Amino acid sequence: MQLNPYLSFNGNCEEAFNFYAKVFGAKIEAMIRGGETPMAEQIPQDRRDKIMHARLSVGGTLLMASDTAGEHYKKSEGIMVTINIEKPAEAERVFKELAAGGKVEMALQETFWAQRFGMLTDRFGTPWMINCERPLQ
């Protein structure tokens, strides 16, 4: 069994996933537009270029998403996507890139459990926690 986050975007899923692929050095495995599906004729013309399903392989996990129709889109609340990173320098790089144009909730810093930990919401509205745990002793 595997749990995978599924994100909703307000029309900018493709831009967000291209950005995430770059930040994480990951591979986009799927980017399916509404106009590419068997239901294309039932989708309003202005939504056919929007993403019906995207899939990004990051390490051994998947991040998936789609564009949600305007009036049905809701910002993420009460959940964060957590990234566990082994090296402090890599945690700093990822945090800085995700934070660009977004909002830092807690600056990346050392904590009692982590070499680096921080929280932010990126420019696409996705809330993140970056965690670089201390080695177990």
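Here are four short exercises with worked solutions on a predicted model.

**Exercise 1. The open sheet**

Task: Work out the strand order of the open sheet of four strands, and find which strands stand at the edges.

Solution:
- Begin with the order, which reads β1-β4-β3-β2, with mixed pairing.
- Now look at the ends: β1 (6-9) and β2 (27-33) each have a single partner strand, so one side of each lacks a neighbour in the sheet.
- From one strand to the next, the twist averages 15 degrees.
- Next, zoom in on one pair: β3 (residues 51-58) and β4 (residues 61-67) are antiparallel and share five bridges. One of the bridge partnerships links Ser57 with Leu62 of β4.
- Finally, add the helix: α1 (residues 13-24) lies across β1, β2, β3 and β4, and runs at about 5 degrees to β3.

**Exercise 2. The surroundings of Thr68**

Task: Locate Thr68, decide whether Thr68 is buried or exposed, and list what Thr68 touches beyond four places away in sequence.

Solution:
- Thr68 sits in the loop between β4 and β5 (81-84).
- The relative accessible area of Thr68 is 17%. The cut-off for buried is under 20%, so Thr68 counts as buried.
- Leaving out residues up to four places away in sequence, Thr68 touches Ser8, Phe9, Asn10, Arg47 and Tyr73.
- With Ser8 there is also a polar contact, side chain to side chain, at 3.4 Å.

**Exercise 3. The two faces of β5**

Task: Sort the side chains of β5 by face, then describe how β5 is joined to β8.

Solution:
- Recall the general pattern: side chains in a regular strand alternate between the two faces of the sheet.
- In β5, Val81 and Ile83 point to one face and are buried. Thr82 and Asn84 point to the other face and are not buried.
- Turning to the pairing, β5 and β8 (residues 127-133) run parallel and are joined by four bridges. Within β8, Trp128 is the bridge partner of Val81.

**Exercise 4. Two helices that meet**

Task: Describe how α1 and α2 are placed relative to each other, and name the residues that make the contact.

Solution:
- Two packed helices are described by the angle and the distance between their axes.
- For α1 and α2 (residues 88-99), the axes come within 10 Å and cross at roughly 160 degrees.
- Angles over 145 degrees count as roughly antiparallel, and α1 and α2 are therefore roughly antiparallel to each other.
- The crossing of α1 past α2 is right-handed.
- On the α1 side, Phe19, Tyr20, Val23 and Phe24 make the contact; on the α2 side, Arg93, Val94, Glu97 and Leu98 do.

Methods. Residues are numbered from 1 along each chain as its sequence is written. This is a predicted model: local features need pLDDT of at least 70, side-chain atom pairs count only at pLDDT 80 or more; totals for chains, interfaces and linings use all residues. Side-chain values use heavy atoms; hydrogens and water are left out. Two strands pair if DSSP finds at least two bridges between them. Axes are lines fitted to C-alpha atoms, for helices over the stretch in contact, and angles run from 0 to 180 degrees between N-to-C directions. Contact means heavy atoms within 4.5 Å. Buried means under 20% relative accessible area, exposed over 50%, partly exposed in between (1.4 Å probe, protein chains only). A polar contact is a pair of N or O atoms within 3.5 Å; within protein, one must be able to donate a hydrogen and the other to accept it, and residues adjacent in sequence count only if both atoms are side-chain atoms. Angles under 35 degrees count as roughly parallel, over 145 as roughly antiparallel, 65 to 115 as roughly perpendicular and the rest as oblique. A crossing is left-handed if the near helix is turned anticlockwise from the far one by less than a right angle, and right-handed if clockwise.
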